[in-house]
Structures are given as structure tokens and as C-alpha cells.
Amino acid sequence: MNYSNETLHFQVPLTAQAYNFARQLSSKQQDSGKSRQIYFNTLAVYAANFYCQYLEVETDLEHSDSWNSLSHLLLDVADLEITGVGKLECRPVLPEAKTVNIPPEVWTERIGYVVVEINEISKTARLLGFVKEVTAEELPLSDLQSLTDLIYNLQPVAEVVSPKPSVIEQAVVHLGQWLQNLFTSDWQSPDLVLSPAYRSAIRPKVQESNSQEVSVSRAKVIDLGIQLASHKIALVIQLTTQTSGSVDIRLRVYPTGDGIYLPQGLQLIVLSSDGNVLSENQARVADNWMQLELEEGRTGDEFQVKLALEDVSIIENFIL
């Protein structure tokens, strides 16, 4: 080969212990509406606490207002005390919700807000995302940032200043299946991912009627967390078969949503299966997109595509 560019969610099982905590705190309220509020708040806090334990982040439930019956009488609180950091507000929503309610009494003295979907049918809670600050009672769930942002905010300041490099490696994608119109759900049609301004750039050229060439494109949204300041990018891969039996592969990276430019310094790197750099590109100031090309690929060829910004990298693995 010759070389020439759910939203991480976390699910928590709601155990009998979780429901016992929720019923114990909510049963002390005679008002049914208040009791229901406390019930779901408690489950949200339980789920966030479980997540912190998974990350080995120290918490202090006993000193959280949400675990204090007296606080519930006066306030709508769902806080979790993160030892040495501050209070994390854990707001519950039900499945199919589009917004989350965040009452004014919790708009201050919080390190951030995590939204937790409570599903009583499956007895699970799902951490959907995070925001650092709020200024309105209704927050659209579409405004949530990645849980990666939350992880950084759970660490003491001294650790945030010099975070350890983070590398996220994805499962192998079998590109040969794309030529048979078989795709996994995370690789979508570019028309569903890119803004109209970029769609025409990646549409395959019209082949002559007698041509045996096949061209197919797929795009995946990539989230590098706080390094992208909450803006996501799209990796687009276009395969074009050649009459010789080889496959040309074009890699492009575009901004998504309302983004106009790629973040300066974003790297697009092609690696061999043993980790050697084969080709690379880097976004400059005001770059709208960048590209690399892999020519004359053959069935069985393996390679990696690495997207890196500052201390965070995502590696996509491919086999043709």
C-alpha cells in the first residue's frame, strides 16, 4: 500500500441497595411530588457515585446535602461531594427526555452538572453527559458535553494542570465489508454528519456505465473531549476500487455542527499495524479540512488512523 486525513455514555445497574436508599429518603416526605423528586435525585446521585468509584475518585456521600433529610425539606438538591474538589450536581431525567431541569438553588457552589437517565423498566441509570455551568432552569440534553470533560473536573487542580496522556483505541473496522454495503452503526452516511458546505466534496464521482469501479464513503463523529472545547470533528473515509483490483483510500477530517475551522494543531496520522508513522498531516490556523490518501491497498492490509490533539488521542484500527 502506498501512502499520500451514546457520545460516550456510562451505564450503572440500579441494585436493591440503590432503591432502598431512594425509598428511605423519599418516604419521609408526605407530599407525593416532593417524594418523587427525592426518589429520582437519590438514584441519580447513587449512579454518579458508582461512576466515581469505577474511576477510583474518592467521594463523601455522608457530607452531601442530597443524603441529608433536612436539606431535602428546603431545597431540590442532588449533589455528590467529591473529596478535595467540591460538589457535583447529579440531575435525573427519564428516558426520551429532551431537557433537564436544574433549579436555581444549585447554580452556585458546584464543580459541574452531570445528567443521569433513570430507566426503571431495565433498572439501570445512564450517565449522559456533563456541563460545567448553567444559567437557566431548562438545559437541552443536546448541549451536554462528553463524560471526558467530567473526568477532568473530578480531579484535584494539581492533577488537572498536568494530566496524563489519554489514548482511546477503537475496535477493528473491516473496510472490505463496506464494499458489500455492510456498515456498523457508528459509521454513517456523510450526508448525515457533515454540514451542506462539505457534502459535495466527498460524494463519489459518477462512474461510466461500463466501469467496474466502486466508490463508497462513510463518516464517524470523533470527540476528543475538552481539547476540542466541546466541538466535535468528523473522520470521513472514501474507498474507491480500481480495475487492477486494488483499493484507493481517502481520509478527510472536517468540523461538524456549526464549526467552521478545525482546531489548530489537530493531527491526522496514518500508522502501520506495528505503530510506525506512514503519513501525517496537521491542521493550521483557519484550516477547514485536511486529507491523507492511501493508494493501491490490497485485501488483508492493516493500518491505523490516529487523531491527536494535545494529550488526547483516538486510534481507529482498519483492515481492508
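Start with the whole protein chain, which has 8 helices and 17 strands. The model is predicted. Of its 320 residues, 46% count as buried. The accessible surface comes to about 16,500 Å², and 48% of that surface belongs to carbon and sulfur atoms.

**Stop 1: helix 2**

Select residues 32-54, which make up helix 2. This helix has 23 residues and spans 33 Å from its first C-alpha to its last, close to the 33 Å expected at 1.5 Å a residue. At its start, show the side chain of D31: one of its oxygens comes within 3.1 Å of the backbone nitrogen of G33. Just after the helix, select E56, which takes a positive phi of about 60°.

**Stop 2: strand 6**

Select residues 112-119. Is strand 6 enclosed by the rest of the structure, and why? Strand 6 is largely enclosed because 8 of its 8 residues are buried, and buried means under 20% relative accessible area. In a regular strand the side chains alternate between the two faces of the sheet. Here, G112, V114, V116 and I118 lie on one side, with Y113, V115, E117 and N119 on the other, and all of them are buried.

**Stop 3: the neighbours of strand 6**

Add strand 4, residues 86-93, which runs parallel to strand 6 and is joined to it by 6 bridges. E89 has Y113 as its bridge partner in strand 6. Then add strand 7, residues 124-131, which pairs with strand 6 in the antiparallel sense over 7 bridges. In strand 7, V131 stands opposite Y113. The hairpin of strands 6 and 7 has 4 residues between the strands, and K123 in this hairpin takes a positive phi near 55°.

**Stop 4: salt bridges**

Side chains of opposite charge can pair when their charged atoms come close. The count of salt bridges is 10.

Select R110 and E89, whose closest N and O atoms are 2.6 Å apart in a salt bridge. This pair links distant parts of the chain: R110 is in the loop between strand 5 and strand 6, E89 is in strand 4, and they are 21 residues apart. Both R110 and E89 are buried.

Next, select K87 and E81, which form a salt bridge at 3.2 Å, N to O. K87 is buried at 16% relative accessible area, and E81 is buried at 18%.

Finish with R250 and E293, where the salt bridge is 3.5 Å, N to O. R250 is in strand 12 and E293 in strand 15, 43 residues apart. R250 is partly exposed at 28% relative accessibility, and E293 is partly exposed at 23%.

Note on methods: Residues numbered from 1 in each chain as written. Predicted model: local features only at pLDDT ≥ 70, side-chain atom pairs only at ≥ 80, totals over all residues. Heavy atoms only, no water. Buried < 20%, exposed > 50% of the residue type's maximum accessible area, 1.4 Å probe, protein only. Helix = DSSP H or I, 4+ residues; strand = E, 2+ residues; numbered from the N terminus. Pairing = 2+ DSSP bridges. Areas by Shrake-Rupley, 256 points an atom, 1.4 Å probe, with all protein chains shown as cover. Expected span 1.5 Å × (residues − 1). Polar contact = N/O pair within 3.5 Å; in protein donor to acceptor, adjacent residues only side chain to side chain. Salt bridge = Lys/Arg side-chain N within 4 Å of Asp/Glu carboxyl O.
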